[in-house]
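Student: Please take a close look at how one chain is divided and how it meets its neighbouring copies. I would like one connected account.

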Protein chains: 4
Amino acid sequence: MSAIPNVLAERYASQAIRNIWSAEGRIVLEREFWIAVMKAQKELGLDIPQEAIDAYESVKDQVNLQSIMDRERVTRHDVKARIEEFCDLAGHQHIHKGMTSRDLTENVEQLQVYRSLLILRDKTIATLAKLDARAQQWQGLLITARTHNVAAQPTTFGKRIAMFGEELLGALGSLNYLTESYTVRGLKGAVGTQMDQISLFEGDLDKVNALENSICKHLGIPEVYDNVGQVYPRSLDLRTVSVLTDLASGPSSFSRTLRLMAGHETASEGFAKGQTGSSAMPHKMNSRSCERVNGFQTILKGYLTMATGLAGDQWNEGDVSCSVVRRVMLPDAFYACDGMFETFLTILNQMDAYPAVIEAENEHYLPFLMTTTIMMEAVKAGVGREAAHKVIKEHAVATVNDLRAREINKNDLLGRLAEDDRIPLNLEQLNALLEEGRENAGSARSQVDAFSKKVADWTSRFPDAQNYEPGSIL
Amino acid sequence: MSAIPNVLAERYASQAIRNIWSAEGRIVLEREFWIAVMKAQKELGLDIPQEAIDAYESVKDQVNLQSIMDRERVTRHDVKARIEEFCDLAGHQHIHKGMTSRDLTENVEQLQVYRSLLILRDKTIATLAKLDARAQQWQGLLITARTHNVAAQPTTFGKRIAMFGEELLGALGSLNYLTESYTVRGLKGAVGTQMDQISLFEGDLDKVNALENSICKHLGIPEVYDNVGQVYPRSLDLRTVSVLTDLASGPSSFSRTLRLMAGHETASEGFAKGQTGSSAMPHKMNSRSCERVNGFQTILKGYLTMATGLAGDQWNEGDVSCSVVRRVMLPDAFYACDGMFETFLTILNQMDAYPAVIEAENEHYLPFLMTTTIMMEAVKAGVGREAAHKVIKEHAVATVNDLRAREINKNDLLGRLAEDDRIPLNLEQLNALLEEGRENAGSARSQVDAFSKKVADWTSRFPDAQNYEPGSIL
Amino acid sequence: MSAIPNVLAERYASQAIRNIWSAEGRIVLEREFWIAVMKAQKELGLDIPQEAIDAYESVKDQVNLQSIMDRERVTRHDVKARIEEFCDLAGHQHIHKGMTSRDLTENVEQLQVYRSLLILRDKTIATLAKLDARAQQWQGLLITARTHNVAAQPTTFGKRIAMFGEELLGALGSLNYLTESYTVRGLKGAVGTQMDQISLFEGDLDKVNALENSICKHLGIPEVYDNVGQVYPRSLDLRTVSVLTDLASGPSSFSRTLRLMAGHETASEGFAKGQTGSSAMPHKMNSRSCERVNGFQTILKGYLTMATGLAGDQWNEGDVSCSVVRRVMLPDAFYACDGMFETFLTILNQMDAYPAVIEAENEHYLPFLMTTTIMMEAVKAGVGREAAHKVIKEHAVATVNDLRAREINKNDLLGRLAEDDRIPLNLEQLNALLEEGRENAGSARSQVDAFSKKVADWTSRFPDAQNYEPGSIL
Amino acid sequence: MSAIPNVLAERYASQAIRNIWSAEGRIVLEREFWIAVMKAQKELGLDIPQEAIDAYESVKDQVNLQSIMDRERVTRHDVKARIEEFCDLAGHQHIHKGMTSRDLTENVEQLQVYRSLLILRDKTIATLAKLDARAQQWQGLLITARTHNVAAQPTTFGKRIAMFGEELLGALGSLNYLTESYTVRGLKGAVGTQMDQISLFEGDLDKVNALENSICKHLGIPEVYDNVGQVYPRSLDLRTVSVLTDLASGPSSFSRTLRLMAGHETASEGFAKGQTGSSAMPHKMNSRSCERVNGFQTILKGYLTMATGLAGDQWNEGDVSCSVVRRVMLPDAFYACDGMFETFLTILNQMDAYPAVIEAENEHYLPFLMTTTIMMEAVKAGVGREAAHKVIKEHAVATVNDLRAREINKNDLLGRLAEDDRIPLNLEQLNALLEEGRENAGSARSQVDAFSKKVADWTSRFPDAQNYEPGSIL
């Protein structure tokens, strides 16, 4: 039987993320790390022949997983198996000097995390660019805003999109802070004191520091811890998975809202070319991708719980109670978040609005949405505030009841108010208010502009990011 | 590049669980389900040729994942792809009649869950049998019980083991209740009303019920829902993953305690034959497997959070926002729980106690542990309770301070008390109390017997289960 | 400044639950426990004067929280403070003999849990009775079932309600299993060996067992552990909070669906008499209570995470790392679940359906919902299955597009099909199918009956429970 | 019966945090907010008499909770009740103009969050200052570092403390980023379009913006959203509670490690003056406070799950499904985190190390900890690496076995190696290595200095913060 695949990686994640977390990809990262250590050690005076380094470099891409696994079944030690494999390939024994397993694995795993974060940063920016484009496209498209899922006041579809976009901007800020402050464990030895590297360099602490600096430069990670144990603090993983969950929040709220709009047929996530709805029910346009985005966020929340299970649970200088958790949580959280972006970017490409249905909804609710304005005008025209409120409420409730009973098919609130002497406004005046209100979504349009400006700040800072296009999704 | 494997399945879970959840295994289950439906439909009068059924049966084990995936890329519908593949293999078009996708997938996934639960039930019983054997082995081995991680009163190692065993017994009860009340969705159609099966049988509801009963018998699941939508209630998944987390709790507490004991060298999880400790530090016996058990529980807690993300979130008759979550959560939770049992059973096989170190610890603390008894005897001998308490406390604190300062190497509390006139007991009497106390772990021994009896109830009920032996772990 | 109140207790929970978990209520439970222990100890031969017991009984309801808190600030030990208070009130020193703090607190807290579970069991049954009444009321009210939040097939509103009711039935089963298997820690002493009670009874283990049995009878909890440490296994708390979360799942899905229906004005949670909508927007009927039910479930999921943080984390015989967690999690989870029931029962009392709007929705979608039936009839009439599907799909998609563009206002799919020669059915025939289908919600009606029968099993088993009425909610 | 108190607030949190979240405190914040809005509205031209503003200001501290609650029972609307109360006290009707409830509540709740974050930032800095002092105090105190909870290599106690301190530094960075980027909702109206404020100012958007700017200045929160709905994005709450959990991680790992050390009697959390251990077992020093710190982190993880339940679940422009959750989660998470700091600061004040026990442990393990060094020296002296490893392992394992069997009482590994001809080092040489190693904790000491420097950066930036002293804890 073939190996059971990782469903998040294989069905949803992009190749770029898979490359980082695949067994092959990881092994190459490890080998590059060992080579970087060797080079630095040599430069700092250790007796490592250039020829050995060359030999390692020449075979670093020869990854034979089966051979490594066979070695692990004998040694029962995964790092040892990988050392032996690499050395046998190169025909030398110069890697891993003065290192403990965690000197290798922690740093390489952090590199995987860091590089994945950079990829997600770029996809976030691409997502914001698309959100911005959609917000601008529908900047002026008046829709009936809903609170408690019922009609409340007018807004525009563009502004609704910008609202969820601004949520994502907040998460991007957090992501960016995380990448800029991301801190690597470094070469710290078995309990964090660098004892073995110090022995190797005959007590020369300066050389050990120079070695570590050189390695950090190789990794390209901005910060390095001073004090760690066998492991770096697991709250860094909590911070990481927390940011991934945060990133999924804006898209998830957007998707939930699009599912609601699809239920009213005011918008839909659209279809891929050639795709049809359910075979048995061809009229159906199911919000499959939006639902999937919501599913990804649920998944991320679970990995966040795993991360909280590790943070604050370090015993002394550490152990491997976190090991199996991190083998699952870290790659899978990145696959899920990456799959979320692939899916959400596709939604943004394919989504559609149905202006005629939107307009029908507006028509239906607009008189209700204008009641605060009507009241203000009535007050200006001399009616007492409480009196005006009472009359308007009376007619509004009656109208809504008649509509629900289908005794009327069209919202005739304005007519009722015009006929009521207690309100000194005639139908013409009331209709004029309505027409004015129809175009009045407050500051919705200018808010969209403000969003565009914020997005532009990021796209100009990371100009390559915005053009990313998602792969084809299942 | 090869597919990225599911690390929980490939590194930790047993073949039995992998078989249930593998793509191949699932496809065979689906095909068997379709065949069972066809047979029942035929029996109830639908015109399905026996030859077609035979043809399907003859090819049901021919699983070509690549071919199915190629079809899915065209149809963009996983179930449709699998229907076509099976029909083309058989050369007939008789499966899936009157069925909607969820009629297939929900029932088959529930079957996977149900069968996995039965496997875990058996492994739980095997675990209890091993815990019982260890509890009996060390039923009388006096150890220093600890509360707040410091010495408190005597107990026996057997009783400590039985204590964690009894926690597992509680989880087994819940697991057993779940299996006995496990409820399958059945053939309910697109929104749960069975409309299409009813059409198929020309409105004959009795036949539709008979069909469903027949299918439930095929599945072997004890109960069937009456009212569902497109999906069965996701709180059933919550209940399932909650039980898996529960199952991991006793083993997890046990493992944590064994890690603590290893720190004192009173016990260890042992080594596989030939295994040694850390290569650089050969004296080290790392509690790698215990730590892994704790890791598995952390993982399960994350999947439980995913399950809570689905429960209570059904919109109308359902949708697929749960889909990607369940693709990950269900198999992975079972792999994790199964891997936990494989690991924990191995620990139970290999663990060891170090009676000499235990005895040294007892010696060190015993006088302290006897202070309540000494006080009672002093009171019997006529000293006031408060007075006795004051004196004993004075000497106990002084003794502990001297021990911590290493001004003394041996606990000489009894000597100090014997020399103090305020306590009317001489050294001989005090030593006699100590000797008595040394063997007095209260009802620890009889509690172990009570545990054994409870375990025997389960092993006699499921006699095959107890002999399960774990596979070799990494 | 006044004390900061517990918002869940004070705003949402019922008096019955508050009584169990209030400081005063707990103190009385503790005193009753001490008295029960004294009585049993006396009966088994300990020298405790009847007069002392009478004295304790006479003052047990005199609870002065301030006085107890003042004592705690001196002793820094909560149980000691409560012992002193009770003894001073009674003028005797006979309680807590041979007991450790946890002998008191664990058992009393479990009693609080157990009694709370019984209250929730009764409220669950009351909820099911109301769900059943609503399901019967609308057993035949045809609605458009939705999957993916879009119209799918007909069902009835009663069946939709029964669907969520059946989810709650599953949770009730789990709750009932939990209450029937609920296991109390018992009088086990500081590390679980009963050493001090055994000393008290001069080594007579039978008397110690008799004492414990007598105490368990007092508590009324069905089971008692044999093997525990200082604490009972915290996975029992996990099981408890998991059941509370489970209980909230059916109501939560129901509430979410009612919020969706309110968005379409097909149903609403209703209003309390005299209540109006938003003051500014009088037409609005906000689903505040349904939203609150969803909020309570989110809260419960958080307490479940706390419970998972304790389960599997026992060190040796236990400690108090669980203490602050349980002080928060246990009462608050019960307040939340109880508040959920109070809210949900109110919704069930006040909710309403709007048949005219429902009927308009049915009209709008019914031709689409009948396409599978039309296809079957076309096939019967001689058209090839694939051909029929193609034609129907063509017209269905065109119709849905025209409706979305508001080029038509009424679903005219049947007319289009009647005019298409490829489908050998005329308008009369098609309309006949539609009329038939209008009443055809498959087995929806009989499924409601099945639900009623299951509910009746529970109401007959616990006949008092079903009549519970919620208090007035904020 | 008195109201049920919030146990986190009343038992654990400090007065400063309680003041922010108390009902009284919140009402004053709201009234100040209304007054600030009035003032700004007046300044921008609305007709609000100065006398009215003065009247409101004069009564703003007159908070009568009972009166407000009585009003709420009538209006069933909490904000309305508070408006009426304030207006009746002032004898005017000028507050809340053009505002919706959320314009009040969101901003005030965010102010509560923001001010609480600043308090926690200061306590974090105070904690770091104390950690630094302890790290310096024990900078050179050699201890046996443990990985997998067993002896690994030497380190110093100061470095171990700095290690957990550096974890807290990471969380402080995140907290600081959060406070600097914290974004308030602003005056955005019912659906986020500012429609009612715009009406109030007769369409003058500039004035509405000026009003909002003025209000943000009043609040003192650094950023304001452009695009929101009825609510600000709930992922901001996720970010907040995530940071609180992060803050608890370093202290929690530290506390867990101190509990482990207490089990070995190498250190303890200490006692308050006058406090003794368990009354029955006076020698016991229970790590009650450390356990409580761990408990607080478990609590925070639960509130984090609640926060994830809200993030990504916004429907359209929002509703109140988050309301009950946030009423619980936000204050309680802050109480818990604040209580954690109060407890942890107390531990840092009272903790103690036991150098004699530490030294005995070092003695016991040191020969094992030096084996890598011995091997290196043997290699230098001409032995093959593999040969040296084999011999050392042979003797190390034999020694550990003899120690565990108590056949020897002292680690005599060096003697065994000296006697073995295969290792060309005599006892003198080996002892010399040991003596050297005894003082060799690698870069432990200089790492402590690096930690001190980082702490100094923060204390110089927030000089008042470092001197905070915790209140007396229970």
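Tutor: In this predicted model, the C-alpha centres of domain 1 and domain 2 of chain A lie 44 Å apart. Domain 1 of chain A is made of three segments, 101-138 + 153-190 + 228-353, while domain 2 of chain A covers 358-425. A record offers another division: an unreviewed UniProt entry annotates residues 366-452 of chain A as "domain: Adenylosuccinate lyase C-terminal". Over residues 366-452, chain A is 71% helix and 0% strand, and the C-alpha atoms at the two ends are 28 Å apart.

One residue of that annotated stretch can be placed in more detail. Glu439(A) sits in the loop that links helix 18 (427-438) to helix 19 of chain A. Glu439(A) has 10 other C-beta atoms within 10 Å, and the limit for an exposed residue is 12 or fewer, so Glu439(A) is exposed. Its C-alpha atom is separated by 9.2 Å from that of Leu141(A), although the two residues are 298 residues apart along the chain.

Next, the contact with chain D. There, 79 residues of chain A are in contact with 79 residues of chain D. On the chain A side, at least two residues each come from strand 1 (142-147), strand 2 (150-156), helix 8 (157-181), helix 9 (195-200), helix 11 (235-264), helix 12 (288-310), helix 15 (371-380) and helix 19 (444-461). Helix 11 of chain A provides the largest share, 15 residues. By residue type, the side of chain A that touches chain D divides into 26 nonpolar, 40 polar and 13 charged.

Chain A can be laid on chain D by a turn of 180° with a shift of 0.0 Å along the axis, giving an RMSD of 0.1 Å. This is the relation of a two-fold axis. The same surface serves both copies, since 100% of the contact residues of chain A recur in chain D.

The contact with chain B involves 41 residues of chain B and 41 residues of chain A. Seen from chain B, helix 1 (7-12), helix 12 (288-310) and helix 13 (323-350) are the elements that give two or more residues to this side. Helix 12 of chain B gives the most, with 15 residues. The side of chain B that touches chain A is made up of 18 nonpolar, twelve polar and eleven charged residues.

Chain B is superposed on chain A by a rotation of 180° with 0.0 Å of shift along its axis, at an RMSD of 0.1 Å. Here too, 100% of the contact residues of chain B recur in chain A, and the same surface serves both copies.

The nonpolar interior comes next. The largest nonpolar core has 588 residues, and those with the most contacts inside it are Cys337(A), Cys337(B), Cys337(C) and Cys337(D). Leaving aside residues up to four places away in sequence, Cys337(A) touches Leu120(A), Leu244(A), Leu247(A), Ala248(A) and Leu300(A).

Two loop residues of chain C complete the account. His148(C), in the loop between strand 1 (142-147) and strand 2 (150-156) of chain C, has a positive phi near 55° in a residue other than glycine. His148(C) counts as buried because 26 C-beta neighbours lie inside 10 Å and the threshold is 20 or more. His96(C) has a phi near 70°, also a positive value in a residue other than glycine. His96(C) lies in the loop between helix 6 (78-90) and helix 7 (101-137) of chain C, and with 19 other C-beta atoms within 10 Å it is partly exposed.

Conventions:
Residues are numbered from 1 along each chain as its sequence is written. Chains are lettered from A and ligands numbered from 1 in the order in which they are written. This is a predicted model: local features need pLDDT of at least 70, side-chain atom pairs count only at pLDDT 80 or more; totals for chains, interfaces and linings use all residues. UniProt positions are given in the numbering used here, feature names are shortened, and annotations may be inferred rather than shown by experiment. Helices (H or I, at least four residues) and strands (E, at least two) are DSSP runs, numbered from the N terminus. Copies are superposed by least squares on the C-alpha atoms of residues with pLDDT of at least 70 in both. Two residues are in contact if their C-beta atoms, placed from the backbone, lie within 7 Å. Ala, Val, Leu, Ile, Met, Phe, Trp, Tyr, Cys and Pro count as nonpolar, Asp, Glu, Lys and Arg as charged, and the others, Gly among them, as polar. Domain bounds come from an automatic or database domain assignment. A nonpolar core is a set of buried Ala, Val, Leu, Ile, Met, Phe, Trp, Tyr and Cys residues joined through C-beta atoms within 7 Å.
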